[in-house]
Amino acid sequence: MLRIRLGRVDRAAIVIPRMVSPVIPTSRTTPPDRQSAPPPPTGVTPLTESGARSHVSGVCFKIGPPSLVGVEVEWFVHDDRCPTRPVQPELLHAALESLPLGGPDGTSLPSGSRLTLEPGGQVELSSPPATGLLACVDDTRRDLTALRAAFAAQGLRLTGTGTDPLARPRRMVLDHPRYLAMERFFDSAGPWGRVMMTGTASVQVCLDAGDTDGPHAAERRWQLVHRLGPVLVAAFANSPLLDGKPTGHRSTRQTVWSRMDPTRTLAPEPDHGDPREAWARYVLDAQVLCVQRPEGLPWTAPPDLTFRDWIRGGGERPPTLADLEYHCTTLFPPVRPRGHLELRMIDAQPGDGWMVVTALVAALLDDPVAADAVFAALEPLDAFDRQQGAAAPRPPRSAAWRRAATLGVTDPELRRAALTCFAAADAALGRLPGAGRLRTAVAEFAERYPARGRCPADDQLDALRSGTRRTPPEEAS
């Protein structure tokens, strides 16, 4: 295991805020994760199942008119001088230390984006919540420009693709107890957990959960993002290679996620009432991945222990509210409610393709006319699964999601649905003042890919066949 030390503070000491991704502290910060949760003090009321359900329902779905947009963009790091070797720690060290970080905790770029170092050395930039799509894109672009410049100065490339396309060693570069516990947990069920941790990257779009009723009702938005999922997987599929070889899947990343622990990677059971109740049950029924313990002790969880079992006395100590909140950060369904909705099914994109992803998703969900246009159009995609009733696999193991990961938009139904979504987004962006540049980018993507039955994965496969590129091109604007 490789430790990366920057200044006086170990970058493996990860800050994990409640509503954003884990963040790398700089040498100017004090890592709060070192302050592990102690056993419940004497006299503290134990966490009950009803209390846990109530807390999850209230915290994970913040109800109100949607206005905020955020995006999390992950990148693989390659050394342009020798792409097939792992990046040397001193180069990564120098690139990260040269960034103009600031903010209250010293982890923010100038426009407020925060940085994460993922277990395999992937770098993630998480934008601050912005009021509207345009502000989100502008903030992220500025901070990404600074990030790219710092890495380029060290001869490093940020590569946007859903899986690392090169045949190079995958290894854990962080030995934080969270990730060591994850590694042990996932190893018990095959190789997919390690591949996910060290060899995958994504674009995650974050939008408000929705209102109590009306066109932006939370229940309707919850249904729409799940119905939209296969289209997003297919249209933006960008991971056809693993270890330098084709896998037979346009989105290998999505296939990897679908093969992991179902209690934390499948969508919640369909709920025809309040999605908050479905999510609360999901949280309680998911297996515990890690238990925070004092420094020096492993965070390994007892095998097969669900959080519900833990509340009922199955753990080494009664769980606390902090344990419940931390448990929620270890759940990885295609759409994760964290106060807002976090869409997790989309492969990382080359260059500034993340802008197209963000614009498409925000336009379809936040423009009521666009939402109405695509809601019914996407209904046939999961009709087969609905016919199967309770026996139907949940996303991402359902038929439409599997077709999306394997075939992309070569599947005729997915192609038609994708074109409908891009057309609706184009119209919505036409109604948004100042969105001309984004509208053009979305239209150019639609013409280049779904209109031709292609997705970004096909560019990688073409390059592999021609032998012209070793990593996807970075067409940053």
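This briefing walks through the fold, the central strand, the nonpolar core and a few residues to look at in the structure above. The model is predicted. Its protein chain holds 18 helices and 12 strands, and 58% of its 477 residues count as buried. Among contacts between residues at least 6 apart in sequence, 75% join residues at least 24 apart.

**Surface and cysteines**

- The accessible surface of the protein chain comes to about 18600 Å², and carbon and sulfur atoms account for 54% of that area.
- If you are wondering about disulfides, a search of the whole structure finds zero.
- Two cysteines you may want to find are Cys290, which is buried at 8% relative accessibility, and Cys421, which is buried with a relative accessible area of 0%.

**Strand S3 and its partners**

- Strand S3 spans residues 68-79, and 11 of its 12 residues are buried, so the strand is largely enclosed by the rest of the structure.
- With strand S8 (residues 202-208), S3 runs antiparallel and is joined by five bridges; here Val73 stands opposite Val203.
- Strand S5 (residues 123-126) is also an antiparallel partner of S3, paired over four bridges, and in this pairing Val73 stands opposite Leu125.
- Strand S7 (residues 156-159) pairs with S3 over four bridges in the antiparallel sense, with Asp79 of S3 opposite Leu156 of S7.
- Strand S6 (residues 130-131) pairs with S3 over two bridges, again antiparallel, and Leu68 faces Thr131 there.

**The largest nonpolar core**

- As general background, nonpolar side chains tend to be buried together in soluble globular proteins.
- In this model the largest nonpolar core has 124 residues, of which Phe151, Phe236 and Leu364 touch the most other members.
- Helix H12 (residues 353-366) gives the most to this core, with 11 residues.
- Not counting neighbours within four places in sequence, Leu364 is in contact with Leu224, Leu228, Ala370, Ala371, Val374, Cys421, Ala424 and Ala425. Cys421, one of these, is the buried cysteine with 0% relative accessible area.

**Two buried polar residues**

- Arg221 belongs to helix H6 (residues 218-235) and is buried, with a relative accessible area of 2%.
- Leaving aside residues within four places in sequence, the contacts of Arg221 include Pro66, Leu207, Asp208, His216, Leu341 and Asp366.
- Gln349 sits in the loop between strand S12 (340-347) and H12, and Gln349 is buried too, with a relative accessible area of 2%.
- The side chain of Gln349 has a polar atom 2.8 Å from the backbone oxygen of Phe236, and this side chain also reaches the backbone oxygen of Asp347 at 2.9 Å.
- Beyond residues up to four places away in sequence, Gln349 touches Trp75, Gly160, Val203, Phe236, Asn238, Trp354, Val357, Phe445 and Pro456.
- Although Gln349 and Ala201 are 148 residues apart along the chain, their C-alpha atoms are separated by 9.0 Å.

**Helix H18**

- Helix H18 covers residues 456-466, and its buried residues are Pro456, Ala457, Asp458, Asp459, Gln460, Leu461 and Ala463.
- Those buried residues pack against H6, strand S9 (241-242), strand S10 (245-246) and helix H17 (436-448).
- Pro456, one of the buried residues of H18, is also among the contacts of Gln349.
- Just after H18, Gly467 takes a positive phi of about 70°.

**Backbone details to check by eye**

- Where is the cis peptide bond with omega near 5°? It runs from Pro395 to Pro396, and Pro396 lies in the loop between helix H14 (383-388) and helix H15 (399-407).
- Asp243 has a positive phi near 55° and is not a glycine. Asp243 is placed in the loop between S9 and S10 and is partly exposed, with a relative accessible area of 34%.
- Asp304, likewise not a glycine, has a positive phi of about 60°. This aspartate is found in the loop between helix H9 (275-285) and helix H10 (307-314), and at 60% relative accessibility Asp304 counts as exposed.

Conventions: Residues numbered from 1 in each chain as written. Predicted model: local features only at pLDDT ≥ 70, side-chain atom pairs only at ≥ 80, totals over all residues. Heavy atoms only, no water. Buried < 20%, exposed > 50% of the residue type's maximum accessible area, 1.4 Å probe, protein only. Pairing = 2+ DSSP bridges. Core = buried A, V, L, I, M, F, W, Y, C linked by side-chain atoms within 4.5 Å. Contact = heavy atoms within 4.5 Å. Polar contact = N/O pair within 3.5 Å; in protein donor to acceptor, adjacent residues only side chain to side chain. Areas by Shrake-Rupley, 256 points an atom, 1.4 Å probe, with all protein chains shown as cover. Disulfide = S-S within 2.5 Å.
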